[in-house]
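Please look through the sequence and the coordinates below before reading on. The paragraphs that follow take up charged pairs, cysteines and backbone geometry in turn.

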Amino acid sequence: MRTYGQFCPVARTSELLAERWTPIIIRNLLNGCRTFGEIRQGAPGIPTALLAKRLDTLERYGIIERERLPAGHGWSYRLTEQGQDLRAVCDAMGQWGARWLEIEPHHRDPAYVLWVTTKLVDAGKLPDRTVVVRFELRDRPGDTYWLLLRKPTPELCTKGTGYVEDIIARTDAACLIDIHLKRTSYEQALRSGRLCLEGPPQLTSAFITWIRPSPYADVTPARRQRRPPGHQVRSPPAGQSKLPGSSP
């Protein structure tokens with residue numbers, strides 16, 4: 001780990017937390033991710049070896065603890081009291097980003113948007129059975145995603161689940177982002193055709209009440225961000241942002 005050689009707490013904290021992917025890993029742990037696969041699913045594009053390295057570092061500094069999974073394969077990770085104390089840091093970063101930074105096309109990774117959707121599900125409103133929602137995204141026509149809405153933890157899958165699909169949703173990542181940020185509502189998206197839900201009316205009506213808005217939805221953007229002249233954003237290499245496959 002590189003050091004700034006400064007006793008300042010900001011400098012010392014930055015040495016540990018300002019490394020690439022580390023804030024994302026901590027955010028995922030704060031959002032309930034526990035296994036290596038769950039953490040990686042919320043960080044599309046992170047190399048497996050780098051994730052392992054970052055987790056080792058966080059454990060060494062006492063921010064996380066791990067224990068063997070009951071089956072004996074893999075580990076379960078949890079934030080320590082020291083790690084939980086970073087919630088205020090992540091919340092502050094989220095509030096600042098929502099206020100000052102724009103969402104641009106390269107931020108609309110469909111797989112990540114649907115992963116976020118599972119984290120916004122109010123599990124307490126779900127029925128006592130699994131509801132399977134297949135998403136067909138216009139901006140990722142070659143891929144299909146399934147939301148397995150069940151207690152206590154909803155799940156996102158990218159491979160055939162073997163379940164009978166209850167609802168088919170056709171939309172795009174930009175629409176889901178607008179809904180999560182309360183820029184539009186499910187009802188408005190349905191009326192405008194940006195979202196189409198196929199399934200029993202009683203179930204589709206209930207579905208749109210199960211998903212909470214983003215915790216940053218009520219942050220008022222301050223102004224448009226000004227980019228320096230000639231600024232360009234590099235897109236990730238082809239296939240890098242694709243969500244690792246998972247199955248129930």
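What relative accessibility does Glu 65 have, and does that make Glu 65 count as buried, partly exposed or exposed? In this model, which is a predicted one, Glu 65 has a relative accessibility of 39% and therefore counts as partly exposed. Its partner in a salt bridge is Arg 78, with 2.3 Å between the closest N and O atoms. This pair links distant parts of the chain, since Arg 78 belongs to strand E2 (residues 75-79) and Glu 65 to strand E1 (residues 64-68), the two being 13 residues apart. Arg 78, at 40% relative accessibility, also counts as partly exposed, because that class covers values between the limit for buried, under 20%, and the limit for exposed, over 50%.

A search of the whole structure yields 16 salt bridges, and another of them joins Glu 59 to Arg 66, where the closest N and O atoms are 3.3 Å apart. Glu 59 has a relative accessible area of 28% and is partly exposed, and Arg 66, at 33% relative accessibility, is likewise counted as partly exposed.

Further along the chain, Asp 178 forms a salt bridge with Arg 194, and the closest N and O atoms of this pair are separated by 3.0 Å. Asp 178 sits in helix H8 (residues 173-180), whereas Arg 194 sits in the loop between helix H9 (186-192) and strand E7 (196-198), so the contact ties together parts of the chain that are 16 residues apart in sequence. The two partners fall into separate accessibility classes: Asp 178 counts as buried at 15% relative accessibility, while Arg 194, with a relative accessible area of 30%, is partly exposed. Salt bridges also link a group of residues into a network, whose members are Arg 134, Glu 136, Glu 165, Arg 170 and Glu 198.

Turning from charged side chains to cysteines, the search of the whole structure finds zero disulfides. A disulfide, in general terms, is a covalent bond that joins the sulfur atoms of two cysteines. As for individual cysteines, Cys 8 is partly exposed, its relative accessible area being 30%, and Cys 196 counts as partly exposed as well, at 31% relative accessibility.

The backbone offers a last group of features to inspect. Most residues other than glycine have a negative phi, and most peptide bonds are trans. Against that background, the peptide bond that runs from Lys 151 to Pro 152 is cis, with omega near -5°, and Pro 152 is placed in the loop between strand E4 (145-149) and strand E5 (155-157).

Which phi value does Trp 21 have? Trp 21 is a residue other than glycine, yet its phi is positive, near 80°, and it is found in the loop between helix H1 (9-17) and helix H2 (22-30). With a relative accessible area of 15%, Trp 21 is buried. Lys 182 is not a glycine either, and has a positive phi of about 60°. This lysine, Lys 182, is located in the loop between H8 and H9, and at 46% relative accessibility Lys 182 counts as partly exposed.

Conventions. Residues numbered from 1 in each chain as written. Predicted model: local features only at pLDDT ≥ 70, side-chain atom pairs only at ≥ 80, totals over all residues. Heavy atoms only, no water. Salt bridge = Lys/Arg side-chain N within 4 Å of Asp/Glu carboxyl O. Buried < 20%, exposed > 50% of the residue type's maximum accessible area, 1.4 Å probe, protein only. Helix = DSSP H or I, 4+ residues; strand = E, 2+ residues; numbered from the N terminus. Disulfide = S-S within 2.5 Å.
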